[in-house]
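Trainee: I am new to this structure and would like a close look at a single part of it. Could you take me to the largest pocket and show me what surrounds it?

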Amino acid sequence: LLKQNFKDMFASIFTLKQNYVTNGILSTQSCIHIWRPPRYPVAVHSYLLQLLVKFELIFPLNELSIPS
């Protein structure tokens with residue numbers, strides 16, 4: 001069950017009509033549009049991002065490393 005939920009959460013980033021990924025970069029401000037409550041409460045968005053980082057599905061960038 002947890003495995004399916006994780007897959008659904010990750011797939012939700014790429015299966016939206018609106019594309020929130022630009023030049024391979026996903027802004028954390030887009031999470032509210034991708035992971036909508038009540039299924040994904042705002043309080044768990046940072047946890048979901050940490051899981052994606054942990055499994056090396058996304059990589060954090062600091063503002064200085066983002067290309068203009």
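Mentor: What follows is a walk from the whole chain to the largest pocket, and then to some residues elsewhere in the chain.

Please keep in mind from the start that this is a predicted model. The protein chain has 3 helices and 2 strands, and along the sequence they come in the order α-β-β-α-α. Of its 68 residues, 22% count as buried. The accessible surface comes to about 5,600 Å², and carbon and sulfur atoms account for 60% of that area. If you take the contacts between residues at least 6 apart in sequence, 39% of them join residues at least 24 apart.

Now to the pocket you asked about. A general idea helps here: rolling a probe the size of a water molecule over the atoms shows where empty space is left. The largest pocket has a volume of about 470 Å³. Its lining is made up of 22 residues, and these divide into 15 nonpolar, 6 polar and 1 charged. Helix α1, strand β2 and helix α3 each supply at least two residues of that lining. To find these elements in your view, look for α1 at residues 2-14, β2 at 25-26 and α3 at 45-54.

Which residues lie nearest the centre of the pocket? They are Leu26, Ile58, Phe59, Pro60 and Leu61. Let us stay with Leu26 for a moment, which sits in strand β2. Its relative accessibility is 23%, so Leu26 counts as partly exposed rather than buried, the limit for buried being under 20%. Leaving out residues up to four places away in sequence, Leu26 touches Ile13, Tyr20, Val21 and Ile34. Leu26 and Pro60 are 34 residues apart along the chain, and their C-alpha atoms are separated by 9.5 Å. Both of these residues are among those nearest the centre of the pocket.

From here we can turn to helix α1, one of the elements that supply the lining. Phe6 is found in this helix. With a relative accessible area of 22%, Phe6 is partly exposed. Apart from its neighbours within four places in sequence, Phe6 is in contact with Leu51, Leu52, Phe55 and Leu57. One of these partners, Leu52, is 46 residues from Phe6 along the chain, and the two C-alpha atoms are separated by 9.1 Å.

Further along α1 you will come to Ser12. Ser12 has a relative accessible area of 12%, and because this is under 20%, the residue is buried. Beyond four places in sequence, Ser12 touches Ile34 and Trp35. Ile34 is a residue you have already met, as a contact of Leu26. With Trp35 there is also a polar contact, in which the two side chains are joined at 3.0 Å.

Trp35 leads us on to helix α3, where His45 lies. His45 is in contact with Trp35, and also with Cys31, Ile32 and Tyr40, not counting residues up to four places away in sequence. The relative accessible area of His45 is 7%, so it falls under the 20% limit and is buried.

Finally, here are some backbone details to look for. Most residues other than glycine have a negative phi, and most peptide bonds are trans. Asn23 has a positive phi of about 55°, although it is not a glycine. You will find Asn23 in the loop between β1, residues 21-22, and β2. At 75% relative accessibility, Asn23 counts as exposed. Glu56 likewise has a positive phi of about 55° without being a glycine. The place of Glu56 is in the segment after α3, and at 57% relative accessibility this residue is exposed. As for the peptide bonds, the one that joins Pro37 and Pro38 is cis, with omega at about 5°. Pro38 is found in the loop between α2, residues 31-34, and α3.

To return to your pocket, begin with Leu26 and Pro60 in the view, and then look for the lining residues supplied by α1, β2 and α3.

Key:
Residues numbered from 1 in each chain as written. Predicted model: local features only at pLDDT ≥ 70, side-chain atom pairs only at ≥ 80, totals over all residues. Heavy atoms only, no water. Helix = DSSP H or I, 4+ residues; strand = E, 2+ residues; numbered from the N terminus. Buried < 20%, exposed > 50% of the residue type's maximum accessible area, 1.4 Å probe, protein only. Contact = heavy atoms within 4.5 Å. Areas by Shrake-Rupley, 256 points an atom, 1.4 Å probe, with all protein chains shown as cover. Polar contact = N/O pair within 3.5 Å; in protein donor to acceptor, adjacent residues only side chain to side chain. 1 Å grid on protein atoms, 1.4 Å probe; cavity = no way out; pocket = protein on both sides within 12 Å on 5 of 7 lines; lining within 4 Å. Points joined across faces, edges and corners; volume = space filled by probe spheres on them. Nonpolar A, V, L, I, M, F, W, Y, C, P; charged D, E, K, R; others polar.
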